[in-house]
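Here's a walk through a model you can keep open in your viewer while reading. Have a look at the fold before going into the details.

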Amino acid sequence: ICADGYLELVADYYMETDDKVLIKVTNRGLVQTVGGNYAMTTPSFEAPMGKYGWLNQFVFAGTVAPGAAGKAPSVNLSIFKLV
């Protein structure tokens with residue numbers, strides 16, 4: 001947690017597409033921990049060339065929200081391509 005009360009988020013993981021392609025994701029962001037609901041990220045992708053190669057060529061921003069209650073710890077991400 002930073003001195004200003006924001007939590008720095010850094011997450012590295014892989015996502016798998018419906019056709020079984022693995023894409024590496026590095027997701028960095030900030031979460032407001034006191035009195036707010038601000039949670040934003042800037043994911044970057046390392047996708048293989050071909051069908052998903054376009055992910056390597058753009059800048060993205062995302063929001064973070066808590067996952068479903070009663071399930072294992074999780075979050076819901078909404079990712080947007082910036083134009």
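What follows goes from the overall fold to the two hairpins at the start of the chain, and then to a few individual residues.

## The big picture

First things first: this is a predicted model. It has zero helices and five strands, so the pattern you get reading along the sequence is β-β-β-β-β. Put the C-alpha atoms in a box along the principal axes and you need roughly 45 × 30 × 20 Å.

The protein has 83 residues, and 22% of them count as buried. It exposes about 6000 Å², with carbon and sulfur atoms supplying 60% of that area. On the charge side, there are 6 positive and 7 negative charges, and their mean positions sit 6 Å apart. As for contacts, take those with a separation of 6 or more: 24% of them come from residues 24 or more positions apart.

## One open sheet

How are the five strands ordered in the sheet? The order is E1-E2-E3-E4-E5, in an open sheet with antiparallel pairing. The edge strands are E1 and E5, the latter covering 75-81, and each of these pairs on one side only. On average, neighbouring strands in this sheet are turned by 25° against each other, ignoring direction. As a bit of background, strands of a sheet pair through backbone hydrogen bonds, either parallel or antiparallel.

## From E1 to E2

Strand E1 takes in residues 6-16 and strand E2 residues 22-32; the two run antiparallel and are joined by eleven bridges. To see the register, check a few opposite pairs. Met15 of the model stands opposite Ile23 in E2, Asp12 stands opposite Thr26 in E2, and Ala11 has Asn27 in E2 as its bridge partner.

The hairpin of E1 and E2 has five residues between the strands. Lys20 lies in that loop, and its phi is near 70°, a positive value in a residue other than glycine. Is Lys20 buried or exposed? Its relative accessible area is 61%, and the cut-off for exposed is over 50%, so Lys20 is exposed.

## From E2 to E3

On its other pairing, E2 meets strand E3, residues 39-46. Eight bridges join E2 and E3, and this pair also runs antiparallel. One of the pairs to look at is Arg28, whose bridge partner in E3 is Thr42.

The hairpin of E2 and E3 has six residues between the strands. Here the residue to click on is Gly35, with a positive phi near 65°.

## Ala11 up close

Ala11 is in strand E1. Leave out residues up to four places away in sequence, and Ala11 touches Val25, Thr26 and Asn27. Asn27 is the bridge partner mentioned above. With Thr26, the C-alpha atoms are separated by 5.9 Å, although Ala11 and Thr26 are 15 residues apart along the chain.

Why does Ala11 count as partly exposed? Its relative accessibility is 22%, and buried would mean under 20% while exposed would mean over 50%, so Ala11 falls in between.

## Gln32 up close

Gln32 is found in strand E2. Which residues does Gln32 contact, leaving aside neighbours within four places in sequence? They are Gly5, Tyr6, Asn37 and Tyr38. Tyr6 falls within the 6-16 range of E1, and Gln32 itself falls within the 22-32 range of E2.

Gln32 has a relative accessible area of 25%, which means partly exposed, because that value lies between the 20% and 50% cut-offs. For a sense of distance along the sheet, try Gln32 and Asp12: the two are 20 residues apart in sequence and 20 Å apart in space, C-alpha to C-alpha. Asp12, remember, stands opposite Thr26 in E2.

Methods:
Residues numbered from 1 in each chain as written. Predicted model: local features only at pLDDT ≥ 70, side-chain atom pairs only at ≥ 80, totals over all residues. Heavy atoms only, no water. Pairing = 2+ DSSP bridges. Helix = DSSP H or I, 4+ residues; strand = E, 2+ residues; numbered from the N terminus. Buried < 20%, exposed > 50% of the residue type's maximum accessible area, 1.4 Å probe, protein only. Contact = heavy atoms within 4.5 Å. Areas by Shrake-Rupley, 256 points an atom, 1.4 Å probe, with all protein chains shown as cover. Lys, Arg positive; Asp, Glu negative; His and termini not counted. Charge placed at Lys NZ, Arg CZ, Asp CG, Glu CD. Axes fitted to C-alpha atoms, helices over the stretch in contact; angles between N-to-C directions.
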